[in-house]
Amino acid sequence: MARIQLLVRDEDRDRFVHQARAEGITLSAWLRAAAHQRLGDKQQAHPFRSAAEMRDFFRECDELEGPRTEPDWEQHLRVIEQSRRRGAAET
């Protein structure tokens, strides 16, 4: 079994340890599970195999609930600038 050294900020380590304990596992087990989950998420994504598959994807996206139109570019820029001034996303 290989050993991996990982450098993280103290605050992140504390958060990781807290979550691992909350799940009843060691920090090492928690980090392995997080890495496996990320790999699984990336491996589930696959490129479109055909133009029809791509059209189906976008049709399904269009059917999702949400605003009927995208905000205009100037509105996007205002939201980005407001977020920068506050240091956090507006969500």
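Modeller: Helices (H or I, at least four residues) and strands (E, at least two) are DSSP runs, numbered from the N terminus. The model shown is predicted, so local features need pLDDT of at least 70 and side-chain atom pairs count only at pLDDT 80 or more, while totals for chains, interfaces and linings use all residues. Residues are numbered from 1 along each chain as its sequence is written, and side-chain values use heavy atoms, with hydrogens and water left out.

Biologist: Where is F48 found?

Modeller: F48 lies in the loop between α2 (27–44) and α3 (51–63); the protein chain as a whole has four helices and zero strands, in the order α-α-α-α from the N terminus.

Biologist: Is F48 buried, partly exposed or exposed?

Modeller: Buried means under 20% relative accessible area, exposed over 50%, and partly exposed in between, with a 1.4 Å probe and protein chains only. F48 is partly exposed, because its relative accessible area is 39%. Across the protein chain, buried residues make up 5% of the 91 residues.

Biologist: Which residues form a nonpolar patch on the surface?

Modeller: Patches join residues with over 30% relative accessible area and no salt bridge (a side-chain nitrogen of Lys or Arg within 4 Å of a carboxyl oxygen of Asp or Glu); like charges are joined within 9 Å, and nonpolar side chains (Val, Leu, Ile, Met, Phe, Trp, Tyr) within 5 Å. Accessible areas come from the Shrake-Rupley method with a 1.4 Å probe, and for residues only the protein chains shown count as cover. Here F48, M54, F57 and F58 form the patch, with about 370 Å² of accessible area together.
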